[in-house]
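Thanks, everyone. I'll take a few side-chain details and then one helix. Let me put it on the screen.

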Amino acid sequence: MNDYAGQHEVVSENMTSQITAELTRFVQELKQERKSHFHDGRKAQQNIETFWKQLEASKRRFERDCKEADRAQQYFEKMDADINVTKADVEKARQQAQTRHQMAEDSKGEYSSILQKFNHEQREHYHTHIPNIFQKIQEMEERRIVRIGECMKTYAEVDRQVIPIIGKCLDGITKAAESIDQKNDSQLVIEAFKSGFEPPGDIDFEDFTQPMKRTVSESSLSNSRWDGKSEPKPGSKSKGKLWPFIKKNKGGGPEDFSNLPPEQRRKKLQQKVDELNKDIQKEMDQRDALTKMKDVYIKNPQMGDAASVDHKLAELGQNMEKLRLEAQKFEGWLAEVEGRLPVRTEQTRRQSGMYDTQNTSAVNNCAQDRESSPDGSYTEEQSQESEMKVPVTEFDDEFDDEEPLPTIGTCKALYTFEGQNEGTISVTEGEMLYVIEEDKGDGWTRIRRNEDEEGYVPTSYVEVYLDKNAKGAMTYI
């Protein structure tokens, strides 16, 4: 199922890179082109409307001048026929009529010129400009349709590439479904949730005709259920039900899981012990890393203050002490459940004595009294000798005569580093080396140049490329 889902992710990634990204860019181009075409169309429409307004204005002016010329001619003829009008008034009316006629002729010529120009622009508008704009829009839409077809074809190719793998995944799913063993699955569930309880024995016959004290059979369900509790009241709903069907308590339950059946209690205690041991190991790793960091600070004060680590080391020691006590407590309960010890108190007392010894050793093995090896590990001999030695503030450069650590990747030196202290190694910018131990949180990475040259460099000075089988590819910069 994971492989099947992974192939769909491959299809999605290919569609995103080959189709979605290209279509997004293409759509933006189409929007700009369409906007430009519509702008040209509006501009052409505004141009023809402007010519139409000029034509209407010249037409109205020509009409007005013609009417004015007719009125001026009629006025002149009236003045010329009147014998009481002076010759000067008649001449004035005649000149005014001629002026009006001239203005009408000029308006006529202007109207005719504008009309011809409008007709020419109108033909260009409806036969050239607008058809060209619509043609460009049509071509744009045709390119869009072609691109959609190409994308559909690309999708088909992308999907076709994973069809063989998807077919294998489906075959695997079918094979896995056919290999289901319901009996085995049921047995696994039984093993996981079995209680460890023994079925109750037969209930003894109680003869009420004899004067004897009534007792409850030790093997009865009611006795096993109400052990240590007051007997239920007669007539209550809590009668002798079989324990698997009793309503479970929704509360958190006691710390030692004594409310659970024996087998389930053993599993819970073992799980708790494993979790506590993991937490203890995590605290120990942090303590070792801080101890190594403190040693580095003591050698190179410019890199940090060694005293600043003491508080954290003390805090880690307290946490480890609490976790050890907690683990010993649960181990005592686990031993009691598994039948390894007769009673809990002796085990607790014995483990408490063991912890006192371990605690004394742990206190004597603090950061200032222990010698750290370059890989951050501590040997038993070093712990015993630390009480007699003065604090060591230099790296132990004597590597054990064991097999060399395997390489877990490569690295490239980002800067030049002069390894002047013991345990470090000098590198030059751009140099490629092998990584044999990655940074454990102390800021140092262990590298190797050849079989005889290896040591620590600051993690910030190199760019690390871990192999895929070594915790995945990770880069520190």
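Start with Asp256. Its side chain makes a polar contact with the side chain of Ser258, at 3.1 Å. Keep in mind that this is a predicted model. Where does Asp256 lie? It is in the loop between helix H4, residues 221-225, and helix H5, residues 262-299. Buried or exposed? Asp256 has a relative accessible area of 12%. The cut-off for buried is under 20%, so Asp256 counts as buried.

Now the aromatics. How many aromatic pairs are there? The count comes to six. One of them is Phe330 with Trp333. The ring centres are 5.2 Å apart, and the planes meet at 85°. That makes the pair edge-to-face. Why do these two sit where they can meet? Both are in helix H6, residues 310-338, and they are three residues apart, so about one helical turn separates them. Phe330 is buried, at 2% relative accessibility. Trp333 is buried too, at 9%.

Next pair: Phe417 and Trp444. Here the centres are 6.3 Å apart and the planes are at 70°. Over 60 degrees counts as edge-to-face, so this pair gets that label. Look at where the partners come from. Phe417 is in the loop between strand E1, 409-413, and strand E2, 432-437. Trp444 belongs to strand E3, residues 444-448. The two are 27 residues apart in sequence, so the pair ties together separate parts of the chain. Phe417 and Trp444 are both buried. They also belong to one aromatic cluster, together with Tyr415 and Tyr461.

Two arginines next, each placed over a phenylalanine ring. Arg34 lies over the face of Phe38, 4.5 Å from the ring centre. Arg147 has its charged end over the ring of Phe26, and the distance to the centre is 4.3 Å.

Last item: helix H1. How many residues does H1 have? It has 80, running from residue 2 to residue 81. From first C-alpha to last, H1 reaches 115 Å. At 1.5 Å a residue, 118 Å would be expected, and the span in the model is close to that. There is still a bend to point out. H1 has a kink of about 40°, and that kink is centred on Thr16.

To recap. Asp256 is buried and contacts Ser258 through its side chain. Phe330 pairs with Trp333 edge-to-face. Phe417 and Trp444 share a cluster with Tyr415 and Tyr461. And H1 is kinked at Thr16. Over to you for discussion.

Definitions and conventions. Residues are numbered from 1 along each chain as its sequence is written. Side-chain values use heavy atoms; hydrogens and water are left out. Rings of Phe, Tyr and Trp (its six-membered ring) pair if their centres lie within 6.5 Å; planes under 30 degrees apart count as stacked, over 60 as edge-to-face and the rest as tilted. Helices (H or I, at least four residues) and strands (E, at least two) are DSSP runs, numbered from the N terminus. Buried means under 20% relative accessible area, exposed over 50%, partly exposed in between (1.4 Å probe, protein chains only). A charge sits over a ring if NZ of Lys or CZ of Arg is within 6 Å of the ring centre and within 35 degrees of the ring normal. A polar contact is a pair of N or O atoms within 3.5 Å; within protein, one must be able to donate a hydrogen and the other to accept it, and residues adjacent in sequence count only if both atoms are side-chain atoms. The expected span of a helix is 1.5 Å times one less than its number of residues. The bend at a residue is the angle between axes fitted to the seven residues ending there and the seven starting there.
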